Amino acid sequence: MELDSLISQHQSDWTDTKNRQPNDIKLTTEVAAAAIVYKMQEGPMVKRRLLIARKLRDAVEARAAHDYDVILNPHDRLMSTEALIAACQGVDAVLPCHSEQFSAEVIAALGPRLKIIANHSVGTDHVDLAAAEAAGIVVTNTPDVLSDATAEIAILCMLGAARRGAEGHEMIRAGKWDFWSPAFMVGKQVTGKRFGVLGMGRVGQVTADRARGFGMQIHYHNRTRLPAQLEKGAVFHTDVDSLLAVSDVLSLHCPTTPATVGIINARTLALLPAGAVLVNTARGALVDEPALIAALQSGRIFAAGLDVFQTEPGGNPTLSALPNVFLLPHIGSATEQTRDAMGFRALDNLDAFFAGKPPGDRVA
Ligand code: 8YV
């Protein structure tokens, strides 16, 4: 109801992002019914008011509706800054995705009631953590639960790029596969090659484990060296340049911070071994895309496998036009089990916070 009125008030600020599924109306009705039944059973307990900014998995929304007075976004419309600020007024908590930007200006306009931003993401670069902290707003994320799914996509990007997956796929789809020879579509084999991990956090570690399965030698750079049981024989590099010099495949897994924005640029791309493969499943802001395009066009970089881009959704048309890129639309964590787990983890953080306990995944 309130969301509908918000939509009318901010009609020009909302954009349809998806076609609606037939069960959306049903879900909304079910969620409302669940909330009424809960209230009848439990008495007039006042629930905390929670805005869920995007359409989440049914089981996650059902649990949220049981425990909170929820405002859902059943049509999954992307909110403008103005609509986000308006929607956050009068709620105790917001559960956003990385698609909702909480800049210092937005945080300053949120109003006094909002106490927690419980993100449905491991990345928190869309939230100005210092501004949230200064405003007394707690911020949480969803680590661990998406590491396996994201590592799978990193390996898909590596193989898709190294073995020319996009070229082959598009050729057959376009009905243009009319030739074969031993010299046809020859790519780079990853077996036994050096796999460089920039940012050996949870996702980096799982991706390294998967790369070990291809007989790859693991090298990494991280702010702090891992203990031996987590390092598992991987070679630690104290600086980024030293890692790049040995990375036949370089996979990015570091957070986006002022120090890492554009860390892959013309200078650092030139440090990679000739014919290297770049994989990015972290954030598009880590890569200077014009510099990557030049390196891919010259052949200095053999290929890139990319799940994230500087501009999302949409990506970079010049990059997308190159034959030696394997592209995915930011689907690192997009599996049923992982999206359930992310939603439940965000709700766990909210439950802990409102029970007066420290949320497990507090980042500010
Ligand atoms: C998700 C991500 O696509 O967790 C992150 O930081 O980028 C992805 O896993 C997204 O944030 C889901 O809300």
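**Exercise 1. Find Asp144 and say where it sits and how open it is to the outside.**

Asp144 is in the loop between strand 7 (138-140) and helix 7. Helices (H or I, at least four residues) and strands (E, at least two) are DSSP runs, numbered from the N terminus. Keep in mind that you're looking at a predicted model, where local features need pLDDT of at least 70, side-chain atom pairs count only at pLDDT 80 or more, and totals for chains, interfaces and linings use all residues. Residue numbers start from 1 along each chain, as its sequence is written.

Step 1: check the backbone. Asp144 isn't a glycine, yet its phi is positive, about 70°.

Step 2: count neighbours. A residue is buried with 20 or more other C-beta atoms within 10 Å of its own, exposed with 12 or fewer, and partly exposed in between, with C-beta atoms placed from the backbone. Asp144 has 15 C-beta neighbours inside 10 Å, so it counts as partly exposed.

**Exercise 2. Do the same for Lys232: is it buried or exposed?**

Step 1: Lys232 lies in the loop between helix 10 (228-231) and strand 10.

Step 2: Lys232 also has a positive phi, about 50°, without being a glycine.

Step 3: there are 12 other C-beta atoms within 10 Å, so Lys232 is exposed.

**Exercise 3. Work out the strand order of the open sheet of 7 strands.**

Step 1: write down the order, which is 10-9-8-11-12-13-14, with parallel pairing. Two strands pair if DSSP finds at least two bridges between them.

Step 2: look at the edges. Strand 10 (235-236) and strand 14 (325-327) each have a single partner strand, so one side of each has no neighbour in the sheet.

Step 3: zoom in on strand 12 (residues 276-280). Strand 12 pairs with strand 13 in the parallel sense over 5 bridges, and with strand 11 (residues 249-252), also parallel, over 4 bridges.

Step 4: follow Val279. Val279 stands opposite Gly305 in strand 13, and Val279 in strand 12 is the bridge partner of Ser251.

Step 5: check strand 13 (residues 301-306), where 6 of its 6 residues are buried.

**Exercise 4. Which residues have the most contacts inside the largest nonpolar core?**

Step 1: get the term straight. A nonpolar core is a set of buried Ala, Val, Leu, Ile, Met, Phe, Trp, Tyr and Cys residues joined through C-beta atoms within 7 Å.

Step 2: the largest one has 92 residues, and Leu50, Met158, Val277 and Val279 have the most contacts inside it. Helix 7 (residues 147-162) gives the largest share, 9 residues.

Step 3: place the core. Domain 1 (2-145 + 336-354) and domain 2 (147-327), with bounds from an automatic or database domain assignment, both give residues to the core, so it lies between them.

Step 4: list what Val279 touches. Leaving out residues up to four places away in sequence, its contacts include Ala154, Cys157, Met158, Ala161 and Leu250. Contact here means that the C-beta atoms, placed from the backbone, lie within 7 Å.

**Exercise 5. How do the residues of the shell around the ligand divide?**

Step 1: collect them. Among the residues around the ligand are Cys97, His98, His120, Leu146 and His330; each such residue has its C-beta atom, placed from the backbone, within 6 Å of the ligand.

Step 2: sort them. Ala, Val, Leu, Ile, Met, Phe, Trp, Tyr, Cys and Pro count as nonpolar, Asp, Glu, Lys and Arg as charged, and the others, Gly among them, as polar. You get 3 nonpolar, 7 polar and no charged.

Key. Two residues are in contact if their C-beta atoms, placed from the backbone, lie within 7 Å.
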